[in-house]
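Let's take a walk through this protein together, with the sequence and the 3D view open. We'll begin with a bend in the backbone and work our way inwards from there.

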Amino acid sequence: MARIVMKFGGTSVADLDRIKNVARHVKREVDAGHEVAVVVSAMSGKTNELVSWVQGMPKVIGANSPFYDAREYDAVVASGEQVTSGLLAIALQAMDINARSWQGWQIPIQTDNAHGAARILEIDGSDIVKRMGEGQVAVIAGFQGLGPDNRLATLGRGGSDTSAVAIAAAVKADRCDIYTDVDGVYTTDPRIVPKARRLKKIAFEEMLEMASLGAKVLQVRSVELAMVHKVRTFVRSSFEDPDAPGMGDLLNPPGTLICDEDEIVEQEVVTGIAYAKDEAQISLRRLADRPGVSAAIFGPLAESHINVDMIVQNISEDGSKTDMTFTVPSGDVEKAIKVLGDHKEKIGYDVVQNESGLVKVSVIGIGMRSHAGVAATAFRALAEKGINIKAITTSEIKISILIDGPYAELAVRTLHSCYGLDKN
């Protein structure tokens, strides 16, 4: 017998028939004798609809400002998960399974006061553990928490993944199964590279890099939590027949296991290729080359919640002037340029330039720590395809390369092939 947390995303609970299918997945684990908690997202498209209602209300009223109270935003958008949790509990009860729905505040999942993007501070899982021990399935509304102001707080888009991993850590679950519309984590996007392979295992650090660098399988914060608390996490497909062979295998179910690297016996040099579209590059020309310039640039950007990624600084020959180039999401370009303009006198640059429509392609693998020449292989392969590199950043387990947008798919296919990832 094991303790399992199962999480089902929006496409998995898109309608009543899909919720029935989810109930069959849950029943399989209950019938096997496991203690089960289930975390659910809102039905597919429902959160977008709720968000549009919130954003549209000031316009309907004719308010002078499009802004709204984030606490009321949370009150509205959190309702999607409440509906799903209640419906799944009803479905399970109809299958003669002892089940009860739970909202985030009932557990409670304590968060900070950053409504709309709250972070989990603490979870008291004792009541859930008690109910699970009595044979009851806890069906928990994901995405929800309780802020210090005693009001509902939501965890940001994709927050149900984070809810599931946090609850798994709180109840000391043996496993957290994330059910989605894909059957695991692949070496790259199969839509671009048909030969992409499903990974049997991937280390927490690798998954964190892939999630943060463009892979959409899991929310980044959920992977961070899983890594910190060592929560063994399976990415699985809810679209598989719940009673198909192997689906009930406790140790090796179909899907991808995200785990500590100690569990991975044979490390590949490169595990996967990720990419992120809609990157933009901003360059500040002829900056004064003196201490404090970087802080003057990136401090105000951080205060404006603009995420800066790749940073390249060129040092001038005489040491008096320099250029600073960095990337931001394309949607933040205008905001970033305004912030830089407001602080131009303090920063001391001559001109600001920008270029949008770029793509960041990343090579990821913990095996890179002990192998030389990984970067050279990438640069050589891209050069042979005539792909120009605009910027490069590296860490122990990743190389990120900035290129022109039209070359994105060619670059992904080239790198996937040059590291042998398309071979079985």
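Proline 108 sits in the loop between β3 (99–102) and β4 (109–111). A word on those labels: helices (H or I, at least four residues) and strands (E, at least two) are DSSP runs, numbered from the N terminus. The peptide bond leading from isoleucine 107 to proline 108 is cis, with omega near -10 degrees.

Before going further, keep in mind that this is a predicted model, where local features need pLDDT of at least 70 and side-chain atom pairs count only at pLDDT 80 or more, while totals for chains, interfaces and linings use all residues. Residues are numbered from 1 along each chain as its sequence is written, and side-chain values use heavy atoms, with hydrogens and water left out.

Two other spots have backbone angles to look at. Phenylalanine 143, in the loop between β6 and β7 (144–146), has a phi near 75 degrees, which is positive even though the residue is not a glycine. Lysine 230 has a positive phi too, about 55 degrees, and is not a glycine either; you'll find lysine 230 in the loop between α8 and β11 (233–237). Are these two buried or exposed? Buried means under 20% relative accessible area, exposed over 50%, and partly exposed in between (1.4 Å probe, protein chains only). Phenylalanine 143 comes out at 4%, so it counts as buried, whereas lysine 230, at 52%, counts as exposed.

Now for the inside. A nonpolar core is a set of buried Ala, Val, Leu, Ile, Met, Phe, Trp, Tyr and Cys residues joined through side-chain atoms within 4.5 Å. The largest one here has 38 residues, and the members that touch the most others are Val5, Ile107, Ile128, Ile140, Ile167, Cys176 and Met207. Among the elements that give two or more residues to this core are β2 (35–40), α5 (126–133), β6 (137–141) and α6 (159–170). Pick out isoleucine 140 and look at its contacts (heavy atoms within 4.5 Å). Setting aside residues up to four places away in sequence, isoleucine 140 touches Ala37, Val38, Val39, Val40, Ser85, Trp102, Ile107, Ile128 and Ile167. There is also a second, separate core of 23 residues, which includes Val270, Ile273, Val359 and Tyr419.

Next, try helix α10 (residues 333–342), where Val333, Ala336, Val339 and Leu340 are buried. Why are they on the same side of α10? Because they cover an arc of only 130 degrees around the axis, taking the arc as that of the directions from the helix axis to the C-beta atoms. The face turned away from that buried side carries the exposed residues Glu334, Lys338 and Asp342. Covering the buried residues of α10 are elements including β13 (272–288), α9 (293–303) and β16 (351–364).

On to what the database record says. UniProt places the feature "binding site" (unreviewed entry) at Thr47 and Glu81. Although these two are spread over 35 residues of sequence, they cluster in space, with a largest C-alpha distance of 8.7 Å. UniProt positions are given in the numbering used here, feature names are shortened, and annotations may be inferred rather than shown by experiment. Threonine 47 lies in helix α2 (residues 46–61) and is buried, at 10% relative accessible area. Glutamate 81 is in helix α4 (residues 79–94) and is buried as well, at 3%. Among the residues that glutamate 81 touches are Thr47 and Phe143, so the phenylalanine with the positive phi turns up again here.

The same "binding site" annotation (unreviewed entry) also covers Lys7, Phe8, Gly9, Gly10, Thr180, Asp181, Tyr186, Arg191, Lys216 and Val217. They span 211 residues in sequence, and the farthest two C-alpha atoms are 24.6 Å apart, so they do not all gather at one spot. Phenylalanine 8 lies in strand β1 (residues 3–8) and is buried, with a relative accessible area of 0%. Tyrosine 186 is in the loop between β9 and β10 (201–203) and counts as partly exposed, at 21%.
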